[in-house]
Amino acid sequence: MNTFEATGDDPTTIRVAQFLAHPPAKVWRALTEPGLIARWLMPGDFRLEVGHRYEMTALPRPNANFSGTVIAEVAAYEPERMLRMRWRDADEGQGSLADWTITWTLKPEGRGTRLFLVHEGFDPDDPYQVQAHRVMGGGWRTIVTEALGKVLDEL
């Protein structure tokens, strides 16, 4: 059974915690294998290597000043425990340039995994960043509870 929780009202950070009825090794695969990432998040040329940069594409969100292309970089990782990414919008002319850090932490829990997501770096003084925080907060909750869970169930 999956249980979901979101915590805090911090305008600079989104936090999501989700229990997944799958072992950490399986969750880690879904977080780090490009073909699996494309199924639950966005397609891109991910490689588990610190400093590796790649692009991911999604639908543009003009209301949040998002071009639709994310430049991602692997910042750090500990196999089956933690993955930290840097994300920014590929369009530097957007005016409200996103520069975020996303950290996934996996904790074994019973026969499953408690997955924690921390997405930080939102500027609460920028109206586009405030909108991005709202949109992405809901998006992460849906992605983690539905899309990632579905991929894991199919593995």
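**The largest pocket and the aromatic pairs**

In this predicted model, strand β5 (82–89) and helix α3 each supply at least two residues of the lining of the largest pocket. Of these contributors, α3 gives the most to that lining, with seven residues. The largest pocket holds about 540 Å³ of space, and 22 residues line it, those closest to its centre being A58, R61, F66, V135 and M136. Sorted by character, the lining of the largest pocket divides into 15 nonpolar residues, four polar ones and three charged ones.

From the pocket we can turn to the aromatic rings. A pair of aromatic rings is described by the distance of the centres and the angle of the planes. Five aromatic pairs are found when the whole structure is searched. One of them joins F46 and Y54, whose rings lie 5.7 Å apart, centre to centre, with 90° between the planes, an edge-to-face arrangement. F46 has a relative accessible area of 5%, which is under 20%, and therefore counts as buried; Y54, with a relative accessible area of 8%, is likewise buried.

A pair with another geometry is made by W100 and F122, whose ring centres are 4.8 Å apart and whose planes meet at 35°, so this pair is tilted. Because W100 lies in strand β6 (residues 99–109) while F122 lies in the loop between β7 (112–120) and α3 (127–154), the pair ties together parts that are 22 residues apart in sequence. Both W100 and F122 are buried. Beyond these two pairs, W40, W87, W104 and W140 form one aromatic cluster.

How values were computed
Residues are numbered from 1 along each chain as its sequence is written. This is a predicted model: local features need pLDDT of at least 70, side-chain atom pairs count only at pLDDT 80 or more; totals for chains, interfaces and linings use all residues. Side-chain values use heavy atoms; hydrogens and water are left out. Rings of Phe, Tyr and Trp (its six-membered ring) pair if their centres lie within 6.5 Å; planes under 30 degrees apart count as stacked, over 60 as edge-to-face and the rest as tilted. Buried means under 20% relative accessible area, exposed over 50%, partly exposed in between (1.4 Å probe, protein chains only). Helices (H or I, at least four residues) and strands (E, at least two) are DSSP runs, numbered from the N terminus. On a 1 Å grid over the protein atoms alone, a cavity is a set of points where a 1.4 Å probe fits but cannot get out, and a pocket is an open set with protein on both sides within 12 Å along at least five of seven lines; lining residues have an atom within 4 Å of a point. Grid points are joined across faces, edges and corners, and a volume is the space filled by probe spheres set on the points. Ala, Val, Leu, Ile, Met, Phe, Trp, Tyr, Cys and Pro count as nonpolar, Asp, Glu, Lys and Arg as charged, and the others, Gly among them, as polar.
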